[in-house]
Amino acid sequence: MELLPAYQTGPAVPDWLNKGDNAWQMISATLVGLQSVPGLVILYGSIVKKKWAVNSAFMALYAFAAVWICWVTWAFNMSFGDHLFPFWGKAGPALGQKFLLKQAILPETLHNFKNGTQETAEQELLYPMASMVYFQCVFAAITLILIAGSLLGRMNFKAWIIFVPLWLTFSYTIGAFSLWGGGFLFQWGVMDYSGGYVIHLSSGIAGFTAAYWVGPRSTKDRERFVPNNLLLMLAGAGLLWMGWAGFNGGDPYAANIDSSLAVLNTNICAATSLLVWTCLDTIFFKKPSVIGAVQGMITGLVCITPGAGLVHGWSAIIMGMLSGSVPWFTMMVVHKRSRLLQKVDDTLGVFHTHAVAGFLGGLTTGIFAEPHLSSLFEAVTNSRGLIYGSGMQVLKQVVGAMFIIGWNVVMTTLICVAIRYMMPLRMSEEQLAIGDDAVHGEEAYALWGDGEKYDSTKHGVHDDETLHKKVATGVTEDV
């Protein structure tokens with residue numbers, strides 16, 4: 001029996017293609033994409049006040065779409081292309097079939113010794129560049145969506161439209177190239193397995209910085225910002241948790257044993273962190289909070305990300321204990337005593353859940369990274385954590401974090417100041433008072449008698465039964 005063309009070696013099935021690795025890479029990318037759409041779209045739309053549900057969800061949806069176009073047009077090669085500077089790649093499109101159908105390569109696997117001789121060669125992957133472009137794009141997209149979490153409930157949507165491509169171009173690509181694209185932090189040996197620095201530390205710092213420049217929510221919203229649907233929020237959080245299997249499981253760039261370990265460690269750390277956060281809420285506030293549990297889940301997922309495939313399972317438990325307690329302490333205690341933290345209105349506490357947890361994850365990776373596991377992933381030979389004899393790794397992790405923090409503070413500030421010259425960063429007071437209806441002409445829940453201001457005749461949605469009654473009685477004017 002003759003095989004179908006799809007199973008034969010040929011133009012569509014080159015001899016270097018491994019269908020299992022290619023399938024896992026695309027599945028991983030899709031799982032990460034589902035974390036954003038619908039995961040964070042649902043979570044953001046549910047965890048805010050009802051009047052901001054549409055705007056919050058739309059900020060996430062817009063960012064996901066905008067990043068896609070920027071990514072394939074110029075940003076992918078700025079993050080993973082040829083060297084332009086030690087921290088930046090050359091801009092260029094990733095759209096032609098000649099580029100997308102060739103065998104994927106990992107530029108970050110080309111590593112040299114200090115004397116310039118080659119330590120490890122550039123690694124070829126067993127699937128096309130199209131899969132790599134797809135996988136890396138959803139990571140870039142979720143980073144922008146995480147930043148939005150700091151700005152919900154007051155940022156001018158038109159300013160957000162401009163902010164997304166600018167920050168992707170001048171901030172995200174820098175961190176990605178420096179750590180993942182063969183840049184100077186990678187060459188020095190800084191570890192970031194799956195984005196603890198590139199994604200979470202950068203989004204937490206950028207979100208906090210942007211929140212400072214945009215300004216706070218209305219006084220009424222800051223005093224009382226009750227979630228409009230906790231059960232739906234849990235659905236979004238569940239998609240975020242399960243999607244992390246692709247987030248950390250896809251970063252070995254193959255369906256190998258390190259991928260399996262990374263997925264297991266991810267769940268161990270997240271579960272531990274959630275339980276610790278819940279216990280602390282129960283001890284100090286006398287009630288277990290479902291919002292607190294979600295925060296603890298997120299900090300656990302973030303903390304394990306820099307070292308998911310580099311540490312033992314028992315290390316993942318320790319990291320979960322720390323991620324469930326240290327960000328809890330900074331959010332519940334330090335935040336209330338810090339004048340700066342009180343001044344900046346970080347809507348969802350992204351600074352604590354992502355910046356603090358991301359830095360903590362990078363630091364603990366420098367402590368717990370196991371040599372054999374590191375050799376399965378790291379191009380730098382003899383990579384190991386503090387407890388395995390390399391105190392230098394902790395210093396590298398701290399310096400890498402300082403670069404990401406400093407760059408994001410400066411660049412996010414420059415972007416916000418530039419946009420402010422073109423338009424307000426913050427909504428008008430009238431929009432802040434009304435919410436979704438004033439900004440988008442739409443509301444999340446059309447409940448009868450709920451002070452609805454939506455003009456159905458203007459936006460093309462009519463109640464046919466009501467309209468028929470008006471025509472029958474000869475009354476067609478607005479009522």
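**Close-up views of a predicted model**

**View 1. The largest cavity and the helices around it.** In this predicted model, helix α1 is the element that gives the most to the lining of the largest cavity, supplying four residues. A search of the whole structure finds one cavity of 30 Å³ or more, and the volume of the largest cavity is about 130 Å³. Its lining is made up of 14 residues, of which L43, Y44, Q295, I298 and L348 are the closest to the centre. The elements that give two or more residues to this lining are α1 (19-47), α11 and α14 (350-368). By class, the lining of the largest cavity divides into ten nonpolar and four polar residues, with no charged residues.

**View 2. The largest pocket and its lining.** The largest pocket has a volume of about 820 Å³, and of the 27 residues that line it, R217, Q295, M331, D346 and T347 are the closest to its centre. Four helices, α8 (219-223), α10 (257-285), α11 and α12 (313-337), each supply at least two residues of the lining of this pocket, and α12 gives the most, with four residues. The classes represented in the lining of the largest pocket are eleven nonpolar, eight polar and eight charged residues. Q295 is named among the residues closest to the centre of the largest pocket, and Q295 is likewise named among those closest to the centre of the largest cavity.

**View 3. Helices α11 and α14.** Helix α11 spans residues 290-304, and its 15 residues reach 21 Å from the first C-alpha to the last, close to the 21 Å expected at 1.5 Å a residue. This helix is mostly covered, with 13 of its 15 residues buried. At the N-terminal end of α11, S289 acts as a cap, with a side-chain oxygen that lies 3.3 Å from the backbone nitrogen of I291. Helix α14 has 19 residues and reaches 25 Å between its first C-alpha and its last, which is close to the 27 Å expected at 1.5 Å a residue. Helix α14 is also mostly covered, as 15 of its 19 residues are buried.

**View 4. A stacked phenylalanine pair and an aromatic cluster.** The structure holds 26 aromatic pairs, and in one of them the rings of F85 and F87 have their centres 5.6 Å apart and their planes at 15 degrees, so the pair counts as stacked, the cut-off for that class being under 30 degrees. F85 has a relative accessible area of 41% and is therefore partly exposed, and F87, with a relative accessible area of 25%, is partly exposed as well; the class lies between the limits of 20% and 50%. Both F85 and F87 belong to one aromatic cluster, which they form with W88, F170, F184, F403 and W407.

**View 5. A tilted pair between helices α4 and α9.** The rings of F139 and F247 have their centres 4.7 Å apart and their planes at 50 degrees, so this pair is tilted. The pair links distant parts of the chain, since F139 lies in helix α4 (residues 129-148) and F247 in helix α9 (residues 230-249), 108 residues apart. Both F139 and F247 are buried.

**View 6. Backbone geometry at P38, Y253 and K286.** The peptide bond that runs from V37 to P38 is cis, with omega near 20 degrees, and P38 is found in helix α1. Y253, although not a glycine, has a positive phi of about 65 degrees, and this residue lies in the loop between α9 and α10. With a relative accessibility of 4%, Y253 counts as buried, because buried means under 20%. K286 is not a glycine either, yet has a positive phi of about 70 degrees, and K286 is placed in the loop between α10 and α11. At a relative accessibility of 66%, K286 counts as exposed, because exposed means over 50%.

How values were computed:
Residues numbered from 1 in each chain as written. Predicted model: local features only at pLDDT ≥ 70, side-chain atom pairs only at ≥ 80, totals over all residues. Heavy atoms only, no water. Expected span 1.5 Å × (residues − 1). Buried < 20%, exposed > 50% of the residue type's maximum accessible area, 1.4 Å probe, protein only. Polar contact = N/O pair within 3.5 Å; in protein donor to acceptor, adjacent residues only side chain to side chain. 1 Å grid on protein atoms, 1.4 Å probe; cavity = no way out; pocket = protein on both sides within 12 Å on 5 of 7 lines; lining within 4 Å. Points joined across faces, edges and corners; volume = space filled by probe spheres on them. Nonpolar A, V, L, I, M, F, W, Y, C, P; charged D, E, K, R; others polar. Phe/Tyr/Trp six-rings, centres within 6.5 Å; stacked < 30°, edge-to-face > 60°.
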